Every structure is written in structure tokens, then in C-alpha cells.
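Visitor: I should like to learn how to read the features of a model such as this one. May we begin with charged pairs and go on from there?

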Amino acid sequence: MSTFTFQKHLSRRAMLRGAGITLGLPLLEAMTPAFSAVKETKRAKRFVGMSLALGLHNPNLVPEGSGRGYKPSRYLAGIQDLREDFTVVSGSSHPGVTGGHTAEGSIFSACPNARGSTTRNTISLDQLMAKHLGHETRFPSLVLNTNSQTSPSYTENGSMIPAENSAMKLFTRLFVDDTPAEQERQAELIRSGRSVMDVVGAEAKSLQRELGSGDRDKLDAWFTSVRELEQRLAANEAWTHKPKPKVKLAPPRQIPRDNEVAVERIYLDIVHMALATDSTRFITLHVTGNNVQGIEGVEESYHNLSHHGMDEEKLAQLALVEQGVIHEWAAFLRKLKTDRLLDETMVLLTSNLGNASAHDNKNMPVLFAGGGFKHGQHLAFDQKDNYPLPNLYLSALQRLGLEEERFATGQKTMSGLEVA
């Protein structure tokens with residue numbers, strides 16, 4: 001006859017210590033709570049982090065009032081059909097992170113920097129998730145950028161992961177089957193243990209000899225990040241010969257480079273399909289394009305408008321751009337909700353810049369949706385003494401079932417953010 005214990009269960013982090021030796025325990029029955037003692041809760045499965053290189057104008061974003069009775073701001077007024085699906089956070093930022101634009105590297109790592117430098121970064125939120133859970137899908141994670149190869153996604157050794165910045169290549173990678181020859185070539189590289197870096201080794205060494213020490217360090221860090229990603233993919237060799245999912249979404253044929261909001265829409269459509277087909281569960285999308293003159297009523301570049309200096313004409317044009325950004329984000333949420341994916345998908349919209357015009361990293365814009373949390377509220381923290389945003393990241397990790405006790409400078413889950 002089976003027996004069950006109803007005592008406090010043993011942590012999966014439990015260790016044996018003695019005589020200077022620490023030994024990790026295997027998974028034991030005592031590490032799982034007895035089924036009748038602990039109520040099972042549905043976990044989140046996915047995370048999408050969308051980051052904006054030029055922030056959002058807080059006076060147009062932050063609502064009046066706090067809690068569940070807040071009055072929608074200009075940017076949020078048009079997405080109130082989703083009110084119960086997202087939380088607005090104001091008065092939060094990453095402790096110890098400064099440097100204006102250069103703080104981009106800390107958006108998802110929350111790594112404190114020195115004078116804006118992130119040369120010694122730590123693992124980003126999405127990559128920590130992918131490290132533990134990315135093996136469950138064809139692609140452990142997707143790191144995307146609407147315009148360049150820079151990203152706020154960093155490996156465990158602090159190396160930036162180059163972003164995919166071609167929507168056409170992204171669609172092909174996700175949904176177009178490789179030829180039999182390409183499949184065999186990939187499988188052979190995996191079986192032989194060879195890396196892309198090995199294949200181009202001679203050229204890489206030649207390039208390194210031509211660079212200064214600073215660039216050599218950067219290139220070496222990039223090589224390391226490529227190797228780490230390859231190792232994750234190698235663990236999923238079985239995917240090499242499996243057909244990719246077929247989708248009704250048409251592949252992008254032309255990218256409207258004069259309209260960054262339209263480019264955002266193209267990427268989010270592909271991201272939606274990637275999640276819907278369970279091709280991956282952890283995604284970052286960094287929005288960096290500067291051309292927005294294709295938007296009606298906008299005459300200047302995105303960057304110039306972000307440095308508005310409170311000029312009314314520039315603010316009016318900036319609002320057209322940023323309202324478009326918010327609406328596309330909301331349209332993405334609606335698609336996830338229609339597909340019944342939103343309750344299991346955490347979706348974060350943020351930026352390293354709270355005030356782009358002043359290059360200020362305080363009071364970061366934060367909209368956090370889905371994931372099975374109690375939303376429909378405005379968490380209004382102190383605008384001068386900001387609340388640690390890494391606490392939200394810790395909440396996200398624990399929602400996935402990862403028993404992390406801290407993340408960067410975050411040492412507890414976010415105050416006021418509860419599971420539904």
C-alpha cells in the first residue's frame with residue numbers, strides 16, 4: 001500500500017555538505033509536495049520581452065491614480081478592452097544602471113553597470129529561462145531586432161547574442177523546411193561536434209589578428225555566445241529531420257523601412273506564429289529602427305522626436321509613433337488571447353530609457369501582460385525612489401516554476417503582483 005507524507009517538502013535545491021564537500025542531491029520524492037497537501041497551480045510556459053530603444057513618453061503612458069481604479073492615459077485609452085489582461089508599472093527601474101542609451105545591455109539582465117558600461121554583463125532573463133526550459137521546443141529561444149544585430153539578450157558568460165534582424169530570414173528559419181542536403185549537413189556538424197566557429201576558424205583567427213585588443217575581446221565574447229547557442233541546438237539534434245510547422249501567415253516580401261511601427265507589426269505576427277506552433281517559448285524583440293516618416297503626420301526621425309525637449313510639435317509627432325507602438329503590442333496580445341495562449345504567456349513591454357530626451361534610465365516604462373497574474377491595475381511606485389524592476393523578473397522566473405531566489409539586484413517577487 002502506498003503511503004504519503006504531508007510534511008513540508010524538501011527543496012529541489014537541497015544539498016549535502018560535510019568535510020568541505022558539497023554534493024547536489026538527485027530528484028527525490030520528498031522534493032515533490034504530496035498531491036493532497038499542496039494545491040496544484042497552472043504555470044506560465046512562455047515569455048516575450050519587447051524592448052524599445054527610444055522609450056515611451058511617460059506623461060502619455062502613466063495613468064492617473066493607482067490600483068484597479070486608475071484612469072487610462074492617452075496611450076492606454078484605446079486598449080481598454082485588454083484592461084484586465086495587463087498591469088501598468090510606474091516608478092520602477094534597475095538599481096545601479098545608468099548611461100542612457102548604453103544601458104540597453106541591462107534591459108533584461110538588470111546588471112548594474114559602471115559609468116554606462118556593460119562589458120561585464122550577466123545572463124538575461126530570457127536566456128536564463130531558455131537555459132532551463134528551452135530544450136522543450138525546436139528553438140530554445142529567439143533573439144530579434146527590427147533593424148540591427150544588437151540585442152539585450154546575454155549568455156551566462158555575459159556575451160551578447162546577435163539578433164536576427166531580417167524578418168524574411170526569420171520566417172524561413174521557423175516555417176520553411178531545409179533541403180535534405182541542408183538537413184544532412186546540419187546533422188553531420190552536430191554528430192562531429194564541429195561548430196560554425198570551427199568551420200570558419202581560419203578566417204576568424206585572421207580577423208582577430210587585425211583588430212585591437214578591445215575589439216578582439218568583443219569578438220571572442222561573440223564567438224563564445226555562438227558556441228553556447230550551438231550547444232543548445234545540438235542537444236535537439238532530433239529536430240533536424242522533423243518537418244517544420246506549416247502556417248497560414250504569408251512570408252514577408254517587402255519591409256517598409258520608412259515605418260518602424262509597420263516593421264514591429266511584421267515581427268510580432270511572426271512571433272505570434274512561433275508561439276502558436278510551439279516552435280519556441282522564449283523571445284526578445286528589440287525595436288531600434290529610426291525611420292518613421294512613412295507614418296501619416298510624422299516628418300522627423302524617431303531619434304530626433306525622442307529628443308523633443310518638450311517641443312509641442314515634436315511631442316505631437318512622437319505621440320503618433322508611440323501610440324502606434326502600443327497599438328501593435330495590444331494587437332499581439334489580442335491574437336494570443338484569441339488562441340488561448342495569453343494566460344500561459346508573459347508579455348513585457350519596456351525600455352532602458354524612462355526619459356529619452358534626457359537620457360534618463362529612471363522610471364522605465366513597463367507594461368506587463370498575461371502569464372496568469374491578477375492584472376487590471378496600476379502599480380504606482382515612487383518616481384524619485386524607484387522600486388527595483390528586477391523583482392518583476394524574479395516573479396516571472398518563479399511563475400515558470402524555476403526556484404530562483406534572486407535575479408540581479410532583485411531579491412523578492414514584485415509587490416502587488418499576484419497570481420490569479
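Guide: Let us begin with one pair: lysine 337 forms a salt bridge with aspartate 85, and the closest N and O atoms are 2.7 Å apart. Lysine 337 belongs to helix 10, whereas aspartate 85 sits in the loop between helix 1 (58-61) and strand 4 (86-90), so the pair ties together parts that are 252 residues apart in sequence. Please bear in mind throughout that this is a predicted model.

Visitor: What is the general idea behind such a pair, and are lysine 337 and aspartate 85 buried or partly exposed?

Guide: Side chains of opposite charge can pair when their charged atoms come close. In this case, lysine 337 is partly exposed, as its relative accessible area is 42%. Aspartate 85 is buried, because its value of 12% falls under the 20% cut-off.

Visitor: How many salt bridges does the count come to?

Guide: The count comes to twelve salt bridges. One of them joins the side chains of lysine 45 and glutamate 344, at 3.8 Å from N to O. Lysine 45 is in the loop between strand 2 (21-24) and strand 3 (46-52), and glutamate 344 is in the loop between helix 10 (312-338) and strand 8 (345-350), so this pair ties together parts that are 299 residues apart in sequence. Lysine 45 is partly exposed at 38% relative accessible area, while glutamate 344 is buried at 12%.

Visitor: Which residues are linked with lysine 45 in a network of salt bridges?

Guide: The network of salt bridges links Lys45, Arg46 and Glu344. A further salt bridge brings together the side chains of arginine 281 and aspartate 278, at 2.8 Å from N to O. Here arginine 281 is buried, with a relative accessible area of 14%, and aspartate 278 is partly exposed, at 30%.

Visitor: Let us turn to helix packing. How should I read the contact of helix 3 with helix 8?

Guide: Two packed helices are described by the angle between their axes and the distance between the axes. For helix 3 (residues 167-175) and helix 8 (residues 260-276), the axes come within 10 Å and cross at roughly 10°. Helix 3 is therefore roughly parallel to helix 8, since angles under 35 degrees count as such.

Visitor: Which residues meet there, and how do they divide into nonpolar, polar and charged?

Guide: From helix 3 come Ala167, Leu170, Phe171, Leu174 and Phe175, which meet Ile266, Tyr267, Ile270, Met273 and Ala274 of helix 8. The residues of this contact divide into ten nonpolar, no polar and no charged. As for the spacing of residues along a helix, an α-helix has 3.6 residues a turn, so residues three or four places apart point the same way.

Visitor: Why is helix 11 described as largely enclosed?

Guide: Nine of the ten residues of helix 11 (residues 390-399) are buried, so the rest of the structure largely encloses this helix. Among its buried residues are Pro390, Tyr393, Leu397 and Arg399. The cover over the buried residues includes strand 5 (92-93), helix 2, strand 8, strand 9 (366-370) and strand 11 (387-388). Just after helix 11, glycine 401 adopts a positive phi of about 95°.

Visitor: Helix 2 is part of that cover. Is aspartate 126 buried or exposed?

Guide: Aspartate 126, which lies in helix 2 (residues 125-133), is buried, with a relative accessible area of 0%. Its side chain makes polar contacts with the side chains of serine 124, at 2.7 Å, and glutamine 127, at 2.9 Å. Beyond its neighbours within four places in sequence, aspartate 126 is in contact with Phe47, Phe108, Val143, Ser153, Phe282 and Thr284.

Visitor: Where is the place of serine 153, and what does serine 153 touch?

Guide: Serine 153 is in the loop between strand 6 (142-145) and helix 3, and counts as buried at 0% relative accessibility. A polar contact of 2.8 Å joins its side chain to that of threonine 284. Residues up to four places away in sequence aside, serine 153 touches several others, including Ser124, Asp126, Gln127 and Ser159.

Visitor: How would you describe the protein overall?

Guide: The secondary structure comes to eleven helices and eleven strands. Of the 420 residues in the protein, buried residues make up 50%. Among contacts with a separation of 6 or more, 68% are between residues 24 or more positions apart.

Key
Residues are numbered from 1 along each chain as its sequence is written. This is a predicted model: local features need pLDDT of at least 70, side-chain atom pairs count only at pLDDT 80 or more; totals for chains, interfaces and linings use all residues. Side-chain values use heavy atoms; hydrogens and water are left out. Helices (H or I, at least four residues) and strands (E, at least two) are DSSP runs, numbered from the N terminus. Buried means under 20% relative accessible area, exposed over 50%, partly exposed in between (1.4 Å probe, protein chains only). A polar contact is a pair of N or O atoms within 3.5 Å; within protein, one must be able to donate a hydrogen and the other to accept it, and residues adjacent in sequence count only if both atoms are side-chain atoms. Contact means heavy atoms within 4.5 Å. A salt bridge is a side-chain nitrogen of Lys or Arg within 4 Å of a carboxyl oxygen of Asp or Glu. Axes are lines fitted to C-alpha atoms, for helices over the stretch in contact, and angles run from 0 to 180 degrees between N-to-C directions. Angles under 35 degrees count as roughly parallel, over 145 as roughly antiparallel, 65 to 115 as roughly perpendicular and the rest as oblique. Ala, Val, Leu, Ile, Met, Phe, Trp, Tyr, Cys and Pro count as nonpolar, Asp, Glu, Lys and Arg as charged, and the others, Gly among them, as polar.
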